[in-house]
Amino acid sequence: MKEKEKSTYRKIEYRRKESFYLIVRGLEVGIVAGITAVLYRYALSYAEKGLMKVLDFVKGNPLKIAGWLVILALIGVFISFLNKWEPMAAGSGIPQVNGEIKGNFNPKWYKIILAKFIGGPAAVFSGLSLGREGPSVQLGGMAAKGVARLTKADRTTELRMISCGAGAGMSAAFNAPLTGIMFVLEEIHRTFDKSILCMGIVATITADFISKLFFGQSTTFNYDTVNFPLRYYWLLLLIGVILGVSGAAYNVIMVKAQDIYKSIKAVPNYIKMPVVFIFSGIVGLVFPEILCGGHAMSEMLLKEHPSIVYMIILLVCKFLFGVISFACGAPGGTLYPLCVLGAYIGAIFGAASINILDLGPEFYEEFVVIGMAGFFSSIVRSPITGIVLVYELTGNMNNILPLATVSLISYAVANFMGVEPIFETLLGRILKSNRDAPEFHPKNEKVLREFVVPVGSPIDRKCISDIDWGKHCLVVSVERNGVSVTPKGDTVIKEGDELVMLISQRRFSKDNERIYKIING
């Protein structure tokens with residue numbers, strides 16, 4: 001028997017006995033990703049507190065202000081060179097993880113972690129409107145990759161660990177374990193993979209437990225829910241449309257801002273970046289409420305109930321400042337800032353509805369969390385993740401029907417407008433900008449990949465031999481109703497089947513995408 005065939009059979013046999021192994025790996029991933037995300041949260045927390053102390057110290061003193069702006073300019077220069085040293089650490093980090101899972105990238109995990117731990121706190125200390133959640137996703141994935149490399153895991157296991165590490169990072173950042181695993185399945189893999197689910201649940205719960213050990217068990221938003229009157233459900237339809245249009249516009253503007261920043265080629269990045277950081281310093285002196293991720297804005301929204309006019313001012317200024325912060329590519333995330341923007345849209349809509357209609361003030365908080373979920377769904381295009389995220393942030397499941405209604409409407413509206421999800425767009429842009437970079441040449445190893453055949457799939461009721469899988473791909477198992485079916489040429493594929501495929505790592509990125517299109521149409 002050829003060595004290649006022996007290797008294939010070993011992989012199939014191993015897969016049947018891997019449940020316990022997946023749990024152990026999930027614990028490893030959850031521990032390292034959780035600790036990494038906790039340390040990052042602490043770093044950003046100290047950076048933000050330091051920023052507020054500096055602003056108090058320099059305020060009202062022109063000489064001190066000038067010195068502070070010079071320091072910010074130097075930080076901007078440093079960040080520009082940091083991004084050049086490790087480009088994959090720039091920005092959020094979620095598109096980069098997504099690209100690695102698809103086989104497009106293979107960055108050095110330790111360089112990413114180092115760059116994020118230096119660049120993220122530096123950006124927050126400078127006041128840029130960036131959050132911790134996206135970087136925590138990338139840090140969790142890279143920490144898991146480090147464990148995989150140190151334990152000499154095969155490429156299939158490594159990719160699973162990176163995926164689950166990303167989910168664990170999100171879990172620790174938001175204190176939301178279900179959100180972490182849903183994000184991996186819905187946003188990164190876009191399919192149901194039982195191996196990822198098994199390892200991922202263990203990893204996200206472990207990371208959440210570690211995070212709660214340090215930061216406590218209280219939820220981000222605490223409020224008493226009320227039953228939304230059925231006669232006012234038309235309001236949910238209206239705000240769903242508003243959030244869908246707003247989310248699509250957000251994606252377009254963010255990408256356009258990045259284009260404008262990059263189009264200024266006559267000015268090198270080590271000069272453009274400091275300008276953004278100096279601008280952040282000016283904003284901090286004039287309007288400190290909109291600095292950093294937006295936690296101060298969210299607390300103000302729920303505790304102080306600001307006027308509609310002031311909320312509109314905060315919303316517009318936070319959005320514009322976020323656009324500038326994002327465009328420069330400084331290490332930092334957009335997930336929490338966009339959640340804050342959604343919360344403000346919901347709060348403005350809710351306050352106006354309460355004033356105009358016969359609604360009690362207790363509905364104000366309902367509109368806040370509804371706006372957050374709907375805006376997230378329209379931008380990221382992952383409605384289930386958005387619903388689960390808001391549930392875990394609030395610790396309350398009583399408003400699930402309004403949440404689901406608005407999230408699905410905003411998701412459908414954004415899709416109808418034809419605007420791509422933000423992270424898919426960013427991944428495509430990274431791939432385009434790296435066209436001339438040295439090609440990634442992985443080892444000649446096979447990767448196991450699982451695909452679920454959805455309802456309405458073009459390959460439903462077709463025989464395996466009738467489908468052009470490509471010469472580098474092989475269907476090694478068909479999971480049907482919990483039973484493994486040995487695939488043959490005349491095996492008929494049915495809706496709901498889980499296809500386990502063996503793909504050459506050298507062509508993994510192209511074949512993975514091609515097979516996904518074959519199965520999903």
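The following questions and answers concern the fold, surface and core of a predicted model.

User: How many helices and how many strands are there in the protein?
Analyst: The model is predicted, and its secondary structure comprises both element types. The count is 19 helices and four strands.

User: Why does the radius of gyration agree with that of a compact globule?
Analyst: The protein has 521 residues, and a compact globule with 521 residues would have a radius of gyration near 24 Å. The C-alpha trace spans about 80 × 55 × 45 Å along its principal axes. The protein agrees with the globule value because its own radius of gyration is 24 Å.

User: What share of the residues is buried?
Analyst: Buried here means under 20% relative accessible area. The protein exposes about 22300 Å², of which carbon and sulfur atoms supply 63%. Of the 521 residues, the buried share is 58%.

User: How far apart lie the centres of the positive and negative side chains?
Analyst: The protein has 53 positive side chains and 42 negative ones. The centres of these two sets are separated by 8 Å.

User: Which helix gives the largest share of the largest nonpolar core?
Analyst: This core holds 107 residues, and Leu-335 and Tyr-344 touch the most other members. The largest share, 14 residues, comes from residues 335-356, which form helix α14.

User: Which residues does Leu-335 touch, leaving aside those up to four places away in sequence?
Analyst: Touching requires heavy atoms within 4.5 Å. With residues up to four places away in sequence not counted, Leu-335 touches Ile-94, Glu-133, Gly-134, Met-170, Phe-174, Phe-376, Val-380 and Phe-423.

How values were computed:
Residues numbered from 1 in each chain as written. Predicted model: local features only at pLDDT ≥ 70, side-chain atom pairs only at ≥ 80, totals over all residues. Heavy atoms only, no water. Helix = DSSP H or I, 4+ residues; strand = E, 2+ residues; numbered from the N terminus. Rg over C-alpha atoms; globule rule 2.2 N^0.38 Å. Buried < 20%, exposed > 50% of the residue type's maximum accessible area, 1.4 Å probe, protein only. Areas by Shrake-Rupley, 256 points an atom, 1.4 Å probe, with all protein chains shown as cover. Lys, Arg positive; Asp, Glu negative; His and termini not counted. Charge placed at Lys NZ, Arg CZ, Asp CG, Glu CD. Core = buried A, V, L, I, M, F, W, Y, C linked by side-chain atoms within 4.5 Å.
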